[in-house]
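Got your viewer open? Here is a short tour that tells you what to select at each stop and what you will find there.

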Amino acid sequence: MTGMTALLIYIIWTLILALSYATYRLPLVLTGKKSANHWERGKPVDDPEFLVRAKAAHLNCLENLPLFAALVLIGAATDQSVTVNAVAGIIVAARIGQSLVHLIGTSFPLVFIRASLFLIQVALMLYLAFSML
C-alpha cells in the first residue's frame, strides 16, 4: 500500500466515523425532537453509548490525521515515499483497529488493546519522522 492510498483510507475512515453519529443526530433535529445546538460542548450527552464512543473514536482520528498526512506528504515531497510506503498500511490498520476496539467498548482489556494500537501508530510515525530527517 502506498502512503497516499493509506492517507486516503485514513481520511475515509475518519469521515465514516463522523457520519456514524451525525446521521443519528440529523433526523432528530429535522423532526424537532432535538435543537440543532443540543450537542454543544459542555452540555450533558444523552446519545446512546455506541454513538458517544463513535464520536470519541472520530476525535481520536482527527488528533493524529494531520501528523500522518504531514509525514506522507513530506515523504512524497522529499522522494522518500519508499520509506513511508513500508509502514503506512500498518499505521492505518492500527488506526482502524483502535477505532473498532473503541466502538466495541471501554472495559480494561479493550482500553489496553486500544492503547497498544495507539502506541504502534505513534512509534511508527516517530520511525518515519526520524527516517526522513
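Where is Trp-39 found? Select Trp-39 and you land in the loop between H1 and H2. Keep in mind as you go that this is a predicted model. Is Trp-39 buried or exposed? Trp-39 has a relative accessible area of 14%, so this residue is buried; the cut-off for buried is under 20%. Now add Phe-108 to the selection: Trp-39 and Phe-108 sit 69 residues apart in sequence, and their C-alpha atoms are 28 Å apart in space.

**Zoom out**

Show everything as a cartoon. You should be looking at four helices and zero strands, which gives the pattern α-α-α-α when you read along the sequence. Taken along the principal axes, the C-alpha atoms fill a box of roughly 55 × 35 × 25 Å. The protein has 133 residues, and 38% of them are buried.

**Stop one: salt bridges**

How many salt bridges does the count come to? The count comes to two. Select Arg-25 and Asp-47 for one of them, where the closest N and O atoms are 2.6 Å apart. Arg-25 belongs to helix H1 (residues 3-30), while Asp-47 is in the loop between H1 and helix H2 (49-77), so this pair ties together parts that are 22 residues apart in sequence. Switch on the surface and check both partners: Arg-25 and Asp-47 are both buried.

Next, select Asp-46 and Lys-34. Their side chains meet in a salt bridge too, at 2.5 Å from N to O. Asp-46 and Lys-34 each lie in the loop between H1 and H2, so the pair ties together parts that are 12 residues apart in sequence. How does the surface look here? Asp-46 has 40% relative accessibility and therefore counts as partly exposed. Lys-34, at 23% relative accessibility, also counts as partly exposed.

**Stop two: along H2**

Select H2 and run along its 29 residues. From the first C-alpha to the last, H2 reaches 42 Å, close to the 42 Å expected at 1.5 Å a residue. Where in H2 is the kink? Look at Asn-64, where H2 kinks by about 35°, shortly before the proline Pro-66.

Carry on past the end of H2 to Asp-79, which is in the loop between H2 and H3. Have a look at the backbone here. Most residues other than glycine have a negative phi. Asp-79, though, has a positive phi, near 60°, and is a residue other than glycine. Is Asp-79 buried or exposed? With a relative accessible area of 72%, Asp-79 is exposed, the cut-off for exposed being over 50%.

**Stop three: H3 and its partners**

Select residues 81-104, which make up helix H3. At 1.5 Å a residue, its 24 residues should span 34 Å, and the end C-alpha atoms are indeed 34 Å apart, so the two values agree. Then find Val-87, where H3 bends by about 35°.

Now bring H1 back into view beside H3. Two packed helices are described by the angle between their axes and the distance between the axes. The axes of H1 and H3 come within 8 Å and cross at roughly 15°. That angle makes H1 roughly parallel to H3, and the crossing of these two helices is left-handed.

Swap H1 for helix H4 (residues 108-131). H3 and H4 pack with their axes 9 Å apart, at an angle of about 160°. Which way do H3 and H4 run, roughly parallel or roughly antiparallel? Angles over 145 degrees count as roughly antiparallel, and H3 and H4 are therefore roughly antiparallel to each other. The crossing of H3 and H4 is left-handed.

**Last stop: Phe-130**

Stay in H4 and select Phe-130. Phe-130 has 59% relative accessibility, so this residue counts as exposed. To finish, add Ala-76 to the selection. Phe-130 and Ala-76 are 54 residues apart along the chain, and 15 Å separates their C-alpha atoms.

Definitions and conventions:
Residues numbered from 1 in each chain as written. Predicted model: local features only at pLDDT ≥ 70, side-chain atom pairs only at ≥ 80, totals over all residues. Heavy atoms only, no water. Expected span 1.5 Å × (residues − 1). Bend = angle between axes of the 7 residues up to and from the residue. Salt bridge = Lys/Arg side-chain N within 4 Å of Asp/Glu carboxyl O. Buried < 20%, exposed > 50% of the residue type's maximum accessible area, 1.4 Å probe, protein only. Axes fitted to C-alpha atoms, helices over the stretch in contact; angles between N-to-C directions. Parallel < 35°, antiparallel > 145°, perpendicular 65-115°, else oblique. Left-handed = near helix turned anticlockwise from the far one by under 90°.
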